[in-house]
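User: I would like to understand the terms used for this structure as we look at it. Could you walk me through them?

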Amino acid sequence: MSKRLAKKVLVIGWDAADWKVINPLLDAGLMPALERLINRGAMGNLATLDPPLSPILWTSIATGKTADKHGILNFVEPNGTGDIQPVSVTSRKVKAIWNILTQEGFKTHLVGWWPSHPAEPINGICVSNNYQRATSKYEEPWPLSPGTIHPKELEPVFAGLRVHPAELTSAHILPFVPRANEVDQKEDKSLHTIASLIANCTNIQAAATEILEKQDWDFMGVYFDTIDHFCHGFMQYHPPRLEGVPEKYYELYKDVVSNAYRFQDMMLERLVQLAGEEATIILLSDHGFHSDHLRPKRLPNEPASPALEHSPFGILCMAGEHIVSDERIYGATLLDITPTILTLFGLPVGRDMDGKPLLQALKEPVQPELIESWEKIPGSCGMHPPDLQQDPWAAQEAMQQLIELGYVEPLEGNKELRLKKTKEETDFYLALVLIKANRIKEAVPILKRLYHDNPHIVRYGLRLANCYKLQNRIPEMRKTVDSLRDKDQKHLPQLDLLEGTLLLLENKPRKALECFRIAEGSVSHLPHLHLQLGNVYNKIKRWQDAERSFEKAISLDENNASAYHGLGLSLLRQNRYEDAAEHLLSSIGLMHFYPEAHYHLGEALYHLQRYEQASQAFQLAATMNPGFKKAHQWLIRIYEDHLLQPEKANYSHMFIKDKIKGTIYIVSGLPRSGTSLMMQMLKAGGLEILTDELRVKDDNNPKGYLEYEKVKKLAQDNSWVGEAEGRTIKVIAQLLQFLPDRYNYKIIFMERDMNEVLRSQQKMLGKDTSAFPLGLAEAFQKQLERAKGWIAAQPNMEVMYVNYRDLIENAEEQVENISSFINHELNTGDMIKTVDRSLYRNK
Amino acid sequence: MTDTNEQLPEKTGKKDEKTEYVVPPEGSLGLLALGAAGIRAWRKKRDEVKKEQKNKQADE
């Protein structure tokens, strides 16, 4: 066991707490307890996970593991009798921090964690998340549901501590809503909601303080859902006033959210006081909550839609004897909390945990011990047996709250259908977890099945398309987007955004621009839209438009590293090197591992003649992306021509010589799909063609085939391919797989209507063109799909698909796209002249 | 009516800090934030005042 650093650890969860709301309150001196904690400790952002659903997240916080490992994947679960119930702690498959600490003999208490019902038999007191909510009318019996308290004999103590919402007075309500007497309570139930939330919060505080005051303890975890619930109900009234919010309600409720935070701060003061000076305090939230222009205008009618109000960063604040003081914590995620607590207690961290201890927050350097897994360490840890059934009445009461919050649909209609939908949603959330963990390959089959079985559920299709994008499976992404378009009755802006992204990947920037412009009509408040617009403008070299778009993205999201990079690049290309460097520095400040940003910074610094700094930037780019040939080329130029340190250039010379081969340009597709025309165009554009002209021009191809005989035997011998380095060569689709992988390839893949292709082939072979060879068509289609799938999986290949008809009918736009893809200065005028519409036969 | 007589037993060997609070019978957010101690103090005050008022009414 390593050295135990912390005598005691108190973890306080404030669901949905967000620095954007807290900071103005701190500035105004309205959260003094939190301010004191920040001043004596460390603070930072805490990155959430996907999906940002609280029971999933709080379990990841408590276990250090992603949801596919810990097993809590939804708000609800099957109850074993054909219906659903709120998710229970028995669905958790792994040990939480309190189980590990129980097993190791630490005195461990837990209050209100989500999910924690039924209360686990830990080495201390457990008050489950069924404790705080009033389930009966005031002055009627209000029994605790079975399993709420461990140990059971303490039930009378905690039962008596609870405050009923109806017990509260105007002294409790008026601080939240000073003009409460103006509320028409017959029409507007807001005061009732506020009273319930105050009471719930009070009950958690009461239980926690009772334990801290009266019990010995090493660890306590306390969870408040207060801020989250206040935000879901009242963030719509938070300043600045949103369009469409009636002034009357804005004036009544605009301070409710701020006052909820202040109330939590008062409670924080008491908890910290009772914890004592020797305790290490960890205050955190599982996600943030949009409080500005990013508040969604409306929520879609789908399960868990309130989660769309959540923002990706929660808060983290740590203070204690062994915690650094007045420092910022960077890069923390929810998964790091349990590993950090284990390290504080001198316990090893499981290798199977997905987080890491936040060593940056510790004063002294620590080398945490590692074990394979806490699941393999036997011992009594206070977990329930997995088959323990929840009390059905308790389940029903808890279910009601989930329905009221909008996380779950009302329990109407068919039980079987409800169960099926729950299973599907749970699988969907599992897919999201896998995507976030970069296990896209495992997520795809789940999403494929869900979308196939539910083609009307757009979010399944959108996520599937996004997965294909991440895997660079452009043809499958196109197929999915097209099928979503076919079904899109409401014209979803997300689909326009997605299709725009797809078109950009298909190297059709102008069409992408059209899609983004349409999306701009509905989702102009989204930073991502402006980011994509900026990327398009950069691609088509409209630098000033790009600059404007990226600035807009930054105004909406000041922490967007990609936006700063894009802005820096657009300024670089306008020769505004100082400004470019400034923004590129901001980009890498936000996201250090960003080779492209370091590269462009290097360029800017080079032009500012700051050669030493430029070399450092290029070195970082090359280190982060070892195949970054251009970075090495810059380094050679700087060391040899400017810093006069030629010996430092040796490594880059060697690297390029040994590891990086040149680029070969390929024109591919089925025979008669327009490959010869593309070869002719590229030749006219100025690219060097590798051809032996053994196949001479004829009636089928009056301008020539531009082929290379050795390609026909590519399957048997590819040793000659180096002859094509830096040049363009025609290789039909079926032979692409035989290209050697030591080169980089840019492939222009011609696509043409299958009828036209086959008619042209039949004619060329002197066969009857009136009969359609169905078998051949199917075989070619399969070969095409295989070829495209194979190309997408090759890291050394980039591909651009060009439609033959588009090329003939819209040569100007296509030529621009091709030039951009090839990334060479091409003679586009001569390329366009090459297109002879009269040769477009066999239509 | 909730019974606040039940309490967890006091920790042994811990110095009891006495702090004077003004407890309004209608309660306050400050008392709620104090936790168990605040709730008990509020309910005690509230019940005392109610009893006084009841006795007064009976006398009248």
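Analyst: Happily! Let's begin with the words helix and strand: they are DSSP runs, numbered from the N terminus, with H or I over at least four residues for a helix and E over at least two for a strand. This is a predicted model, in which local features need pLDDT of at least 70 and side-chain atom pairs count only at pLDDT 80 or more, while totals for chains, interfaces and linings use all residues. Residues are numbered from 1 along each chain as its sequence is written, chains are lettered from A and ligands numbered from 1 in the order in which they are written, and side-chain values use heavy atoms, leaving out hydrogens and water.

User: Where does Pro115(A) lie, and what makes its peptide bond unusual enough to mention?

Analyst: Pro115(A) sits in the loop between S5 and S6 of chain A. The bond from Trp114(A) to Pro115(A) is cis, with omega near -10°. That loop also holds Pro118(A), and the bond from His117(A) to Pro118(A) is cis too, with omega near -5°. Such bonds are worth pointing out because most peptide bonds are trans, and most residues other than glycine have a negative phi.

User: What is the phi of Ala16(A), and where is that residue?

Analyst: Its phi is positive, about 75°, although Ala16(A) is not a glycine. Ala16(A) belongs to the loop between S1 and helix H1 (19–27) of chain A.

User: Why are S7 and S13 of chain A called edge strands?

Analyst: The sheet is an open one of nine strands with mixed pairing, in the order S7-S6-S5-S8-S1-S9-S12-S2-S13 (chain A). Strand S7 (149–150) and strand S13 (327–333) each have a single partner strand, so one side of each is left without a neighbour in the sheet.

User: How do you know that S1 and S9 of chain A are paired?

Analyst: Pairing requires at least two DSSP bridges between two strands. S1 (residues 8–14) and S9 (residues 279–284) of chain A have six, in the parallel sense, so they qualify under that rule. Within them, Gly13(A) is opposite Leu284(A) in S9(A).

User: What does the angle tell me for helix H8 of chain A?

Analyst: Angles run from 0 to 180 degrees between N-to-C directions, with axes fitted as lines to C-alpha atoms, for helices over the stretch in contact. H8 (residues 190–214) lies across strand S5 (108–111), strand S6 (126–127) and strand S8 (219–224) of chain A, at about 170° to S8(A). Helix H2 (residues 32–40) of chain A lies across S1, strand S2 (42–47), S9 and strand S12 (313–319), at about 70° to S12(A).

User: Which strands form the edges of the four-stranded sheet?

Analyst: That open sheet has parallel pairing and the order S17-S16-S18-S19 (chain A). Strand S17 (728–730) and strand S19 (797–803) of chain A pair on one side only. From one strand to the next, the twist averages 20°. Inside the sheet, S16 (residues 663–668) and S18 (residues 744–751) of chain A run parallel over six bridges, and Tyr665(A) has Lys746(A) as its bridge partner in S18(A).

User: What makes Arg4(A) and Asp218(A) a salt bridge?

Analyst: The rule asks for a side-chain nitrogen of Lys or Arg within 4 Å of a carboxyl oxygen of Asp or Glu. Here the N to O distance is 3.4 Å, so the pair counts under that rule. Arg4(A) is in the segment before S1 and Asp218(A) in the loop between H8 and S8 of chain A, 214 residues apart. The whole structure has 53 salt bridges over all chains.

User: How many salt bridges join chain B and chain A?

Analyst: Three. One of them pairs Glu167(A) with Arg43(B), whose closest N and O atoms are 2.7 Å apart. The elements giving two or more residues to the side of chain B that touches chain A are helix H1 (29–34) and helix H2 (36–59) of chain B. H2(B) gives the most, with seven residues.

User: What do you mean by contact and buried area here?

Analyst: Contact is heavy atoms within 4.5 Å; by that rule, 26 residues of chain B meet 35 residues of chain A. Buried area is the accessible area (1.4 Å probe) that two parts lose on being put together, summed over both. For these chains it is about 2,500 Å², with carbon and sulfur atoms giving 61%.
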